[in-house]
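Colleague: I should like to go through this structure step by step. Could the reasoning be set out with each reply?

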Amino acid sequence: MRSATLRAIPVETGGVLVGHQLGRNSAIATHLIDAGSRCIATPSSFEPDYGHQQSEFDRLYLVDKELTYLGDWHSHPGGASRPSRTDREMLEGISRSSSKAEAGPYMLIVGGRNMEDLNAFALSGRGAVQRAKLRLIGG
């Protein structure tokens, strides 16, 4: 993830978090799906290649039917690894959509001068954005 964000500088990049929900407030992300070659990126936003992301998720799901969408990850090139207003609105929108995530959704943000800061966030039961526990393993 860090290498993808460094390659993308000066624009944002990101993707999808896929893995296993452990409980109401914790999950393990076993796979990160990238933005895809047809993503549209600027220094302050990006729109992923949704077709690529769906194809990648479908491929992973064929191997492990327990995989679930956990949320999204993205970079803030040279910025803080905390949610912007747009990020907060996105989290709220995903959480309102039908069956996008069992809990969460999670948002992982990579930021800092050398893209060394990594923080996970989710919505609390009251709808406030808060730090979350998200473990990253594997591919």
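**A helix, its rings and the sheet**

Modeller: Let us begin with helix α2 (residues 50-63), which holds both F57 and Y61, 4 residues apart, or about one turn of the helix. The model is a predicted one.

Colleague: How many aromatic pairs are counted, and how is the pair of F57 and Y61 classed?

Modeller: The count comes to 1 aromatic pair. In it, the ring centres of F57 and Y61 lie 5.9 Å apart and the planes make 20°. Planes under 30 degrees apart count as stacked. The pair of F57 and Y61 is therefore stacked.

Colleague: Is F57 buried or exposed?

Modeller: The relative accessible area of F57 is 18%. Buried means under 20%, so F57 is buried.

Colleague: What is the relative accessible area of Y61, and how is this residue classed?

Modeller: Values between 20% and 50% count as partly exposed. Y61 has a relative accessible area of 31%, and therefore Y61 is partly exposed.

Colleague: What is the order of the strands in the open sheet, and which are the edge strands?

Modeller: The open sheet has 7 strands with mixed pairing, in the order β8-β7-β6-β5-β1-β2-β9. An edge strand pairs on one side only, and this holds for β8 (129-131) and β9. The edge strands are thus β8 and β9.

Colleague: By what angle are neighbouring strands of this sheet turned against each other on average, and which strands does α2 touch?

Modeller: With direction ignored, the average turn between neighbouring strands of this sheet is 35°. Helix α2 packs on the sheet, and its direction makes about 115° with that of β2. The strands touched by α2 are β1, β2 and β5.

Colleague: In which sense does β2 pair with β1, and in which with β9?

Modeller: Strands β1 (residues 14-23) and β2 (residues 26-33) share 7 bridges, and V18 stands opposite H31 in β2. Between β2 and β9 (residues 133-136) there are 4 bridges, with R135 in β9 as the bridge partner of I28. The sense is antiparallel for β1 with β2 and parallel for β2 with β9.

Colleague: Which residue in β6 stands opposite G71?

Modeller: Strand β5 pairs with strand β6 (residues 106-112) in the parallel sense over 7 bridges. Opposite G71, in β6, stands Y106.

Colleague: Where does S75 lie, is S75 buried or exposed, and with which residues is S75 in contact?

Modeller: S75 belongs to strand β5 (residues 68-77). Its relative accessibility is 0%, so S75 counts as buried. Leaving aside neighbours within four places in sequence, the contacts of S75 are T5, V11, E12, T13, V110 and M115.

Notes
Residues numbered from 1 in each chain as written. Predicted model: local features only at pLDDT ≥ 70, side-chain atom pairs only at ≥ 80, totals over all residues. Heavy atoms only, no water. Helix = DSSP H or I, 4+ residues; strand = E, 2+ residues; numbered from the N terminus. Buried < 20%, exposed > 50% of the residue type's maximum accessible area, 1.4 Å probe, protein only. Contact = heavy atoms within 4.5 Å. Pairing = 2+ DSSP bridges. Phe/Tyr/Trp six-rings, centres within 6.5 Å; stacked < 30°, edge-to-face > 60°. Axes fitted to C-alpha atoms, helices over the stretch in contact; angles between N-to-C directions.
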